[in-house]
Amino acid sequence: MAGELEQGMENSCIYKNRNEPVEARIKDLISRMTVEEKIGQMTQIDRVVATPSVVREFFIGSVLSGGGSVPFEKALSSDWADMVDGYQKAALETPLGIPIIYGIDAVHGNNSVYGATIFPHNIGLGATRDADLAYKIGVATALEVRASGIHYDFSPCVAVSGSSFLGDTPLDHHFAFNLFQFGYTDVARDPRWGRTYESYSEDVDIVRKMTSIVSGLQGQPPKGHPNGYPFVAGRNKVAASAKHFVGDGGTHKGINEGNTLTSYEDLEKIHMAPYLDCISQGVCTVMASYSSWNGDKMHSHKFLLTQVLKEKLGFKGFVISDWEALDRLSDPCGSNYRASISSVVNAGVDMIMVPFKYEVFLADLMSLVESGEIPMARVDDAVERILRAKFVAGLFEYPMADRSLLDTVGCKLHRELAREAVRKSLVLLKNGKDPKKPLLPLDRNPRKILVAGTHADDLGYQCGGWTITWAGTSGRTTIGTTILDAIKEAVGDKTEVVFEQNPSPDTFAGQDISYAIVAVGEPPYAEGGGDDPNLIISFRGSEIISSVADRVPTLAILISGRPLVIEPSLLEKVDALVAAWLPGSEGAGITDVILGDYEFQGRLPITWFKSVDQLPLHHGENSYDPLFPLGFGLTSKNMKLSN
């Protein structure tokens with residue numbers, strides 16, 4: 001009898017009936033919610049402070065793992081699923097049983113999870129120009145994320161790596177805007193930005209093309225799907241987030257979280273354009289940017305977040321803040337917290353990534369609602385949007401992890417896809433001191449070869465930032481194949497492979513080395529930690545290349561998230577030069593191409609400057625004089641690839 005009553009109650013709740021329209025379910029559920037439950041839905045906290053009791057008591061709407069916030073070291077996807085299910089069980093025990101949506105930065109595969117497939121960072125994917133490849137990577141990433149019990153991916157970054165140039169003199173932003181109104185604007189590209197590798201390109205058309213990853217992550221909306229309405233195809237898909245809205249790749253001098261000085265016309269034409277593609281694919285969420293537009297912080301920009309994104313562009317999903325964005329709105333950081341909440345929520349941010357001081361946040365938010373400083377209509381709008389994404393994602397029907405997906409994590413099929421992505425992303429910049437005598441493809445059966453450089457046998461360096469930890473680190477941080485591993489596997493059985501990070505003169509004493517492969521580049525970094533005014537090859541990489549190239553024919557491979565300084569003398573010394581970007585876990589994609597099993601296909605997604613003094617440098621300028629232009633790339637026969 002009790003079971004029948006319970007079933008009858010469920011049937012009377014429209015929101016629990018999967019056969020009812022989503023909008024009817026939202027309306028029914030909101031009508032049943034208290035103010036406490038509503039503001040709880042607007043709150044996202046990190047797993048470091050999350051407990052089942054916290055989720056239950058405060059009706060928390062979302063939990064996330066910030067970079068490096070893991071259950072424990074080398075936790076497998078099954079361990080992650082256990083953790084997420086624990087929070088979910090607590091959410092389902094609340095009176096209305098509203099499930100949490102768990103979020104993570106799976107920005108190049110499910111990169112926080114040990115053993116997951118790590119794909120090339122976006123800058124490398126931009127070098128492929130391959131929208132179908134991006135889609136397939138989205139499909140694979142969604143499977144590995146869902147295998148860990150997670151429903152929500154803070155990806156993709158659709159920033160256009162561009163910087164508005166006003167010289168070195170700071171301008172009042174209102175004066176700058178007046179200049180822009182009269183046409184004195186030039187959008188230029190600046191790799192000094194520490195998030196350059198998170199962008200697909202400096203070219204807006206390339207970025208727009210690569211937004212196909214959204215449909216890979218979420219599924220392809222059916223014909224006739226309402227524009228702007230969120231879409232998730234099923235249990236094997238995740239909710240995606242287009243970020244960071246808007247102009248984060250165009251800050252002055254490439255400063256992370258800086259100021260984008262440009263007209264609304266150019267903001268819309270360049271930086272906003274990829275969001276239209278994401279919205280048309282039903283992207284569930286949009287993340288606001290830390291950066292400012294003409295001096296005004298994006299997180300509190302009601303015109304852009306509400307009037308433009310939600311009203312003009314018709315976005316019906318929810319807007320989420322970035323990590324601790326509330327604290328960054330005031331100086332000193334974290335002051336005027338209550339006022340920051342008011343400005344951000346009233347501007348149109350729906351879910352706040354707190355991520356730690358949730359009790360203070362919830363108390364202040366409740367006070368603001370009770371006082372009328374944040375209208376109840378704004379709260380209801382935010383909650384409607386959050387619930388819409390949760391219903392669309394099927395969380396009410398399938399809240400718990402699907403353990404049948406665990407076998408997809410790091411599987412052969414996904415690693416082969418990552419290897420293909422590496423192959424297609426490699427850009428050949430030079431091949432032979434005499435173009436008629438190319439060094440590549442390399443002989444795979446020489447008697448002896450030298451492998452050198454700091455990045456030749458370091459999986460952490462190869463993967464870059466946002467890998468296992470937030471900033472990334474060196475060493476065997478996860479499961480994968482280094483360049484050295486791949487070389488040893490690919491060359492002939494009789495070939496001796498000598499590895500020294502920084503070879504001494506004694507290494508060359510025998511004069512019997514056929515050629516050398518030297519892999520150097522940048523250390524891992526993330527966000528502002530990667531802002532760099534100098535852009536030199538780290539760890540004396542240029543010296544290592546030079547020393548080796550003085551003695552034997554040398555292929556230099558640069559592992560970096562952006563172009564770096566290559567002095568003319570160094571470029572002259574090396575026999576061949578390849579930009580490999582941040583290739584991820586599958587180093588064999590590099591040997592596939594340098595040994596001739598596949599042809600080079602990659603083309604520069606960003607201008608390669610001659611000197612940092614040229615920056616910012618834009619491919620449309622009359623004074624454009626790069627070392628290698630946007631779109632440059634050679635085949636092994638020294639034929640230029642066409643744009």
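# Exercises on a predicted model

At 40% relative accessibility, Q307 counts as partly exposed, since buried means under 20% relative accessible area, exposed over 50%, and partly exposed in between (1.4 Å probe, protein chains only). This is a predicted model, in which local features need pLDDT of at least 70 and side-chain atom pairs count only at pLDDT 80 or more, while totals for chains, interfaces and linings use all residues. Residues are numbered from 1 along each chain as its sequence is written, and side-chain values use heavy atoms, with hydrogens and water left out.

## Exercise 1: Place Q307

Task: find the helix that holds Q307 and the residues that Q307 touches.

Solution.
- Step 1. Go to helix α13, residues 302-312, where Q307 lies. Helices (H or I, at least four residues) and strands (E, at least two) are DSSP runs, numbered from the N terminus.
- Step 2. Look for contacts, meaning heavy atoms within 4.5 Å. Leaving aside residues up to four places away in sequence, Q307 touches K302 and K312.
- Step 3. Now try a long span: F72 is 235 residues from Q307 along the chain, and their C-alpha atoms are separated by 43 Å.

## Exercise 2: Explore strand β19

Task: work out whether the residues of β19 are buried or exposed, and which strands pair with β19.

Solution.
- Step 1. Strand β19 spans residues 576-581, and 6 of its 6 residues are buried.
- Step 2. In a regular strand, side chains alternate between the two faces of the sheet. On one side of β19 sit A576, V578 and A580, and on the other L577, A579 and W581; all are buried, so both faces are covered.
- Step 3. Two strands pair if DSSP finds at least two bridges between them. Strand β14 (residues 427-431) pairs with β19 in the antiparallel sense over 4 bridges, and V427 stands opposite A579.
- Step 4. Strand β18 (residues 554-559) runs parallel to β19, with 5 bridges joining them. Here A556 has L577 as its bridge partner.
- Step 5. Add helix α21 (residues 568-573): β18, α21 and β19 make a right-handed β-α-β unit. Right-handed means that, with the strands pointing away from the viewer, the path from the first strand over the helix to the second runs clockwise.

## Exercise 3: Read a three-stranded sheet

Task: give the strand order of the open sheet that contains β9, and explain why one side of β7 and of β12 is left without a neighbour.

Solution.
- Step 1. The order is β7-β9-β12, with parallel pairing.
- Step 2. β7 (241-245) and β12 (318-320) stand at the edges and each has a single partner strand, so one side of each lacks a neighbour in the sheet.
- Step 3. Between β7 and β9 (residues 285-288) there are 4 bridges, and K243 stands opposite M287.
- Step 4. Helix α12 (residues 273-280) lies across β7 and β9, running at about 160° to β7. Axes are lines fitted to C-alpha atoms, for helices over the stretch in contact, and angles run from 0 to 180 degrees between N-to-C directions.

## Exercise 4: Describe a helix pair

Task: describe how α14 and α15 cross and which residues make their contact.

Solution.
- Step 1. The axes of α14 (residues 337-347) and α15 (residues 358-371) come within 10 Å and cross at roughly 65°.
- Step 2. The contact residues include Y337, I341 and V345 of α14 and F361, L365 and L368 of α15.
- Step 3. Sorted by type, the contact has 7 nonpolar, 3 polar and 2 charged residues. Ala, Val, Leu, Ile, Met, Phe, Trp, Tyr, Cys and Pro count as nonpolar, Asp, Glu, Lys and Arg as charged, and the others, Gly among them, as polar.
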